[in-house]
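Visitor: I'm new to this one, so please take me in for a close look at a single part. I'd like to begin with an open space and then see what else you can show me.

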Amino acid sequence: LATVLLLLAFASTVFASKDKPVIGLSLDTLKEERWQHDRDTFIAAAEKLGATVIVQSANSDDTRQVRDVESLISRGVDVLVIVPHNGSAMTRAVKSANEAHIPVIAYDRLILNANIDYYLTFDNVKVGEAQASYAVSHLPTDRKARIVRIYGAPTDNNAKMFKQGQDNILNPFIKAGQIEVVHEDWAADWKPENGKKIMNAAITKSGRNIDAVVVSNDGTAGGAIQALIEEGLAGKVLVTGQDADLAACQRIIRGTQAMTVYKPLKNLATLAAGVAVDVAKGQKPAVTSSLDNGTKLVPSIFEKVISVDKANLAATVIADGYHTAEELK
Ligand code: BGC
């Protein structure tokens with residue numbers, strides 16, 4: 001009888017994992033507002049498909065995130081969805097997942113040099129292009145324009161892709177002598193206070209005469225704008241961003257930030273939940289694009305992004321229900 005019961009129990013867990021997949025979601029951080037939206041939408045979409053999600057958040061700590069992933073593996077999840085803090089540090093954790101035959105999906109940020117199954121993200125190069133194009137089209141043309149560039153976390157592969165997109169647009173103007181980059185730096189861990197420090201350093205080094213600050217996300221833009229406020233320059237210098245954070249949308253309405261890049265998270269999170277459930281059930285979702293992560297051409301999906309300023313905030317972010325008009329008052 002004991003053997004029969006044991007077999008039954010075994011069969012039911014195997015069955016459970018097919019019908020009710022368990023997804024391990026390992027997040028770098030919940031610091032930026034967007035990741036809370038990602039998490040909530042992902043869980044809701046996965047549960048709708050009959051899956052359960054176990055969430056871990058590593059608070060920007062690589063050792064902790066590797067431990068998180070290893071604990072999800074030992075809990076026997078059917079698939080891992082990872083937003084890596086550090087695109088290289090996660091390679092080791094993916095190795096453990098490979099050994100346990102658990103498929104891995106990189107969400108939003110790529111994991112480098114690792115055998116991952118899918119990469120689901122936004123078109124990150126387009127994000128950078130949107131930021132730089134917006135700045136370029138609002139810069140003075142009767143003299144050389146002076147800009148500051150604040151990049152994201154050097155440990156995040158996306159930060160490099162945002163910069164690449166910005167370079168695509170800015171480099172011809174820089175080469176032609178129409179734009180001068182008076183200061184540039186990387187904001188470690190995407191911390192707003194690092195954005196502020198870089199902006200302060202830019203003003204100390206090259207003075208108050210700055211036309212635009214091309215910043216890669218809203219969090220660090222908030223830091224840079226704080227520095228501009230303290231100098232009495234907020235609203236006079238064009239600042240870019242990304243994520244359509246509530247605070248950033250409010251700054252756009254007040255005029256201290258010019259634009260943001262809205263990435264409809266519900267599209268990405270819902271897509272990822274669907275892919276995760278399929279993969280957990282042993283299916284192979286057909287994906288036509290790919291990106292080289294150093295180990296392989298990873299089947300990838302790049303969702304569309306939208307450039308947003310005061311003129312189209314209502315028609316995009318609000319119409320999409322990401323924030324309400326009330327919240328933005
Ligand atoms: C994401 C951005 C986010 C940043 C900081 C990037 O990888 O693509 O949306 O603002 O990380 O969390």
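How much space lies in the largest pocket?

Guide: About 170 Å³. Keep in mind that this is a predicted model, where local features need pLDDT of at least 70 and side-chain atom pairs count only at pLDDT 80 or more, while totals for chains, interfaces and linings use all residues. Residues are numbered from 1 along each chain as its sequence is written, and side-chain values use heavy atoms, with hydrogens and water left out.

A pocket here is an open set of points on a 1 Å grid over the protein atoms alone, where a 1.4 Å probe fits, with protein on both sides within 12 Å along at least five of seven lines; lining residues have an atom within 4 Å of a point. Its volume is the space filled by probe spheres set on the points, which are joined across faces, edges and corners.

Who lines the largest pocket? You'll find P103, D117 and Y118, then V279, G282, Q283 and K284, and also P299. That lining divides into 4 nonpolar, 2 polar and 2 charged residues; Pro, Tyr and Val count as nonpolar, Asp and Lys as charged, and Gly as polar.

Next, the ligand. It has 13 residues around it, each with a heavy atom within 4 Å, and the closest are R34, D108, R109, D156 and D243. Oxygen atoms of the ligand also have polar side-chain atoms beside them (N or O pairs within 3.5 Å): one from E32 at 2.9 Å, one from W35 at 3.0 Å and one from K263, also at 3.0 Å.

Just before K263 in the numbering, have a look at strand 10, residues 259-262. A strand is a DSSP run of E, at least two residues, numbered from the N terminus. M259 and V261 point one way, T260 and Y262 the other, and all are buried, meaning under 20% relative accessible area. Strand 10 runs antiparallel to strand 13 (residues 306-309), joined to it by 4 bridges, and Y262 has I306 as its bridge partner there.

Elsewhere, an open sheet of 4 strands goes in the order 7-6-8-9, with parallel pairing; two strands pair if DSSP finds at least two bridges between them. Its edges are strand 7 (179-186) and strand 9 (238-239), each pairing on one side only. Strand 7 pairs with strand 6 (residues 145-151) over 7 bridges, and A145 stands opposite I179.

Technical notes: Buried means under 20% relative accessible area, exposed over 50%, partly exposed in between (1.4 Å probe, protein chains only). A polar contact is a pair of N or O atoms within 3.5 Å; within protein, one must be able to donate a hydrogen and the other to accept it, and residues adjacent in sequence count only if both atoms are side-chain atoms.
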